[in-house]
2 protein chains.
Amino acid sequence: MTTTPPRQRTGLSRGRVLSAAVELADAEGVESLTMRALAERLGVEAMSLYYHVANKAALLDGVADAVIGEILAAVPSPAEDEDWRSALRERILAARSVLLRHPWAPLLLTRPGAFGPSAVLYFEGVLGILVRGGFSNELAHHAIHALGSRAIGFAQELFTPADAAEDVSDGVLEQMATQLPYLSGMLASIVHEADSTLGWCDDQAEFEFGLDALLEGLEAARLRARR
Amino acid sequence: MTTTPPRQRTGLSRGRVLSAAVELADAEGVESLTMRALAERLGVEAMSLYYHVANKAALLDGVADAVIGEILAAVPSPAEDEDWRSALRERILAARSVLLRHPWAPLLLTRPGAFGPSAVLYFEGVLGILVRGGFSNELAHHAIHALGSRAIGFAQELFTPADAAEDVSDGVLEQMATQLPYLSGMLASIVHEADSTLGWCDDQAEFEFGLDALLEGLEAARLRARR
DNA sequence: ACCTGAACACCGTTCAAGT
DNA sequence: ACCTGAACACCGTTCAAGT
């Protein structure tokens, strides 16, 4: 009898495949999450993965739901006396703190098939907070749509003045002023803001501002509905 | 002298490559937008594309900006006497109507490099509406972040009760009731809603509800800032 | 039941070469 | 200046085969 090498001999499983995929994405980025690289990380041949996962799309769906599972574990259960707004705010910011550890997750979460069993449980919690807080089923449904990806802790943006910031260094801002008066004015103002010490925008602060604006609008809608 | 075949002999250009890419994505989906397929559509060899576009990433960035260019052409210029809220609402809904013709566009627009010259012009317009409407540069900046992808007409969601709808047909809803009381309650309510005739959710109505909630929250923030 | 090896069709991209 | 052909490294996935 020869002793096996000190590699794990537990055999694969869907769970081990998915958690290895999360680790790989964390370490090397999603673009490096290939069937072959994942197999190598598990000390196995690429084709072995197909026994535990139907195909690459199913793998990515599973990884997305695994991230939401991680969120579920991190999310606090609302206190009895807490109002809906701060309970929901707390839950969403907890979800966000998990996503910050997995910057690649939003890409997977916005794929069509990403809505899995953990997502169902997560939204059950969100919905419970809303309904117990006085939202009708219909209004709570609209509220969840209104939150969009913010409900799970991320906001998709494409406005990145940071990219334009490089060009602003020399006299380009003066040149911009005639063609883009509002943007150049805003950039000039923001440079002088004290609290934008690192980078142009404080992502966390912007996320919370947007979340609070939305929550305020939803509260107004709730009050109107009660009449 | 032999006559050339009736194919366009204009030669390639960055513009022709990009508009052909948009057409291809519209017709076959983004996943079919490969360098080889795009070349074939243009009656040219795949490698010829690299003369007009640095690589595939640059191609996708260009396509994303081309879509925003289309949005720019469709967006109305606000009337003189229009208040910021309805002017911005109108602009965003016009952007959305363009994106509905390119369902694949959000995927490209949320890529890191998608913020191009047309996006700059688009946000210059948004910012102008806000500043003329009484927002300070700082608050307008926060407002643009708060709008996120909604500013260009789409909302990223992953809450798709429609996917769960299939399973609800038989007695599963009763089975759900104990484990997922809130979701099963909401699903039961929504089925009975009159105006959800086709499908579960009216995407356009949900988008407008979320947009209006956000605009209401932003207006409240503006009023607070003026004091 | 679980894993493998060889092979296939398809990518993006390089490089030297044509006109 | 603009386009091409052949080749390379790398994908996801099939299939028949091993244990």
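Chain A of this predicted model is divided into domain 1, residues 1-53, and domain 2, which joins residues 54-158 with residues 200-225. The C-alpha centres of these two domains of chain A lie 30 Å apart. Their contact draws on 15 residues of domain 1 and 14 residues of domain 2.

Between them, domain 1 and domain 2 of chain A bury about 1,100 Å², of which 76% is on carbon and sulfur atoms. Zero salt bridges are found across this interface, whereas four residue pairs are in polar contact there. On the domain 1 side, helix 1 (14-28) and helix 2 (35-41) of chain A each supply at least two residues. Helix 1 of chain A provides the largest share, seven residues. By class, this side of domain 1 has eleven nonpolar, two polar and two charged residues.

The text now turns to the interface between the chains. Here the contact takes 55 residues from chain A and 55 residues from chain B. The two chains bury about 5,200 Å² between them, with 67% of it on carbon and sulfur atoms. Of the area that chain B buries against chain A, B:His145, B:Leu158 and B:Tyr182 supply 15%, more than any other three residues.

Two salt bridges are counted between chain B and chain A. In a salt bridge between the chains, the side chains of A:Glu216 and B:Arg224 meet at 3.2 Å, N to O. The interface also holds 16 residue pairs in polar contact. Among the elements giving two or more residues to the chain B side are helix 6 (117-132) and helix 7 (137-147). Helix 11 of chain B gives the most, with eleven residues. By class, the chain B side has 30 nonpolar, 15 polar and ten charged residues.

Notes
Residues are numbered from 1 along each chain as its sequence is written. Chains are lettered from A and ligands numbered from 1 in the order in which they are written. This is a predicted model: local features need pLDDT of at least 70, side-chain atom pairs count only at pLDDT 80 or more; totals for chains, interfaces and linings use all residues. Side-chain values use heavy atoms; hydrogens and water are left out. Domain bounds come from an automatic or database domain assignment. Contact means heavy atoms within 4.5 Å. Buried area is the accessible area (1.4 Å probe) that two parts lose on being put together, summed over both. A salt bridge is a side-chain nitrogen of Lys or Arg within 4 Å of a carboxyl oxygen of Asp or Glu. A polar contact is a pair of N or O atoms within 3.5 Å; within protein, one must be able to donate a hydrogen and the other to accept it, and residues adjacent in sequence count only if both atoms are side-chain atoms. Helices (H or I, at least four residues) and strands (E, at least two) are DSSP runs, numbered from the N terminus. Ala, Val, Leu, Ile, Met, Phe, Trp, Tyr, Cys and Pro count as nonpolar, Asp, Glu, Lys and Arg as charged, and the others, Gly among them, as polar.
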